Amino acid sequence: MDPNNPQLELLLISFIQDLEKVLLATSVTETKYGYDIPKSRRTLAAKQVISLQNLVRDVIEDGKCPNLILWRACRGYLQLLAGDTYAAGKTFDRVSDDFKWGNAYHQELERQIAIWRILLEIVEIDPDNAFADQAGYRVRSYKQFQDFPYFEPFLKDWLSAAYAASGQPGKALLSAYPTEALTYNPRVDVIDDLLKAADEENPIFMEKAMQMDTNPDRLLAYLREIKGAALLAKGQPEAAITVMQQITEVEQLNMEKFSPFREIIHERIHRPITDSLFLNRLQVAEQLMQFEFQARSDEALGLPSAARNYYLIGLGYYNMSFFGYEYEVTDYHREGGNWARLAQGPVFPLKGSPDGNRENLDLSLALSYFEKALSTTRDPEMAARAAFMAARCQQKQWFTSKSCTYRPGSKQLPVIPENYAGYYSLIKRKYKSTKFYENAIKECKWLEVYTR
């Protein structure tokens with residue numbers, strides 16, 4: 001109707017920008033930036049890009065629009081958006097051949113095509129190719145890439161989605177997120193994929209993505225310790241040992257040490273712990289297994305030490321939970337603010353983590369060992385200890401239940417429902433005359449109020 005109207009060019013560019021917001025956005029992009037592109041919108045965009053290609057082709061063939069070189073360049077970009085990268089590259093070549101030296105507009109269009117060529121190279125990266133990692137870092141070296149600030153986040157999201165689609169969850173995570181994201185909600189499949197990548201002859205991806213010492217032993221140790229901590233959090237010390245025993249002896253010396261088997265009556269978690277037994281995560285898992293073996297052996301022989309060993313295992317699991325002072329053994333990242341929303345867990349939203357932040361809230365295993373200690377002991381003092389820790393576990397289980405209306409920090413007393421208050425009632429009924437009770441009631445205000 002009006003082929004010479006300059007507004008046609010603006011309509012073309014506007015339409016293309018609307019399409020690229022949909023067609024170049026990945027599932028990773030949606031997760032990171034918190035917006036969702038409906039499937040119906042993606043389906044419509046796929047149809048629209050074909051329709052627009054047909055219109056652009058007709059305009060070019062008609063030859064009446066004054067700025068045909070722009071339409072020809074946009075035809076190449078539309079081919080790229082439609083997934084026909086080969087045709088897009090050829091179109092860009094033909095358009096570039098027709099640029100006139102010294103023409104300012106052609107120079108600007110040439111810069112735009114150079115940007116599209118980088119985009120073309122990115123979307124052509126094959127995550128299953130052995131050289132995919134090198135291709136990603138080669139693209140980053142281009143001047144146009146460095147000059148254009150939107151390329152880096154796009155490359156990260158695009159590579160992440162591509163790696164995820166090809167069954168490489170570890171590379172998918174590190175392509176889009178910082179290294180710390182590995183520890184927020186550790187996934188065994190992610191760690192295993194990265195261990196495989198780190199064990200390659202030329203682990204360029206791991207060295208670049210993790211930005212840490214290129215010493216392969218140190219890198220492998222870091223990943224295996226994360227996996228070991230995740231397995232410990234699930235109550236699988238044997239599996240954790242199997243993983244962490246693969247860490248070299250030199251790197252084991254560099255592992256952080258903890259003391260999770262101390263009896264602490266206070267609820268405070270940020271306090272210095274003095275103990276003669278400081279263990280790294282591997283040694284913690286081994287100690288749990290040693291206590292387990294000794295407890296079962298002593299129980300079979302009818303020895304009173306069985307209860308003590310069961311009690312120590314329960315202490316370990318409690319102290320390594322979200323509620324304990326040595327939570328770092330099983331959780332690299334604890335958010336204190338999650339106290340106010342425990343019932344929404346155990347996984348809480350966290351910026352910078354696609355899988356959120358998992359808090360180690362499950363005390364069922366710790367409770368089971370305190371109950372074993374209680375059932376196997378004949379010593380009132382040990383029974384009082386086990387009952388107190390079992391009561392503490394039950395209280396926290398109520399805090400994490402969906403029916404709990406109490407919020408930590410409230411000035412109101414948390415009135416525990418009867419089905420969560422059994423062990424507090426037991427302490428009051430049977431163990432008020434023990435020395436442990438006399439000491440515990442001075443330090444634990446909840447116990448003091450409940451038994452009053």
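Which residues line the second largest cavity?

1. The second largest cavity is lined by Ile264, His266, Glu267, Arg268, Tyr318, Asn319, Phe323, Gly324, Tyr325 and Arg392. A cavity is a set of points, on a 1 Å grid over the protein atoms alone, where a 1.4 Å probe fits but cannot get out, and lining residues have an atom within 4 Å of a point. Its volume, the space filled by probe spheres set on the points, is about 50 Å³.

2. This is a predicted model, in which local features need pLDDT of at least 70 and side-chain atom pairs count only at pLDDT 80 or more, while totals for chains, interfaces and linings use all residues. Residues are numbered from 1 along each chain as its sequence is written, and side-chain values use heavy atoms, with hydrogens and water left out.

3. The largest cavity has a volume of about 60 Å³. Its lining includes Leu173, Asn185, Arg187 and Asp355.

4. The largest nonpolar core (buried Ala, Val, Leu, Ile, Met, Phe, Trp, Tyr and Cys residues joined through side-chain atoms within 4.5 Å) has 71 residues, and Phe370 and Leu447 have the most contacts inside it. Helix α20 (a DSSP run of H or I, at least four residues), residues 380–399, gives the largest share of this core, 12 residues. Contact means heavy atoms within 4.5 Å; Phe370 touches, among others, Tyr311, Tyr318 and Met389.

5. In helix α4 (residues 68–81), 11 of the 14 residues are buried (under 20% relative accessible area, 1.4 Å probe, protein chains only), so α4 is largely enclosed by the rest of the structure. Among the buried residues of α4 are Trp71 and Tyr77.

Conventions
Helices (H or I, at least four residues) and strands (E, at least two) are DSSP runs, numbered from the N terminus. The expected span of a helix is 1.5 Å times one less than its number of residues. Buried means under 20% relative accessible area, exposed over 50%, partly exposed in between (1.4 Å probe, protein chains only). On a 1 Å grid over the protein atoms alone, a cavity is a set of points where a 1.4 Å probe fits but cannot get out, and a pocket is an open set with protein on both sides within 12 Å along at least five of seven lines; lining residues have an atom within 4 Å of a point. Lists of a residue's contacts leave out its neighbours within four places in sequence.
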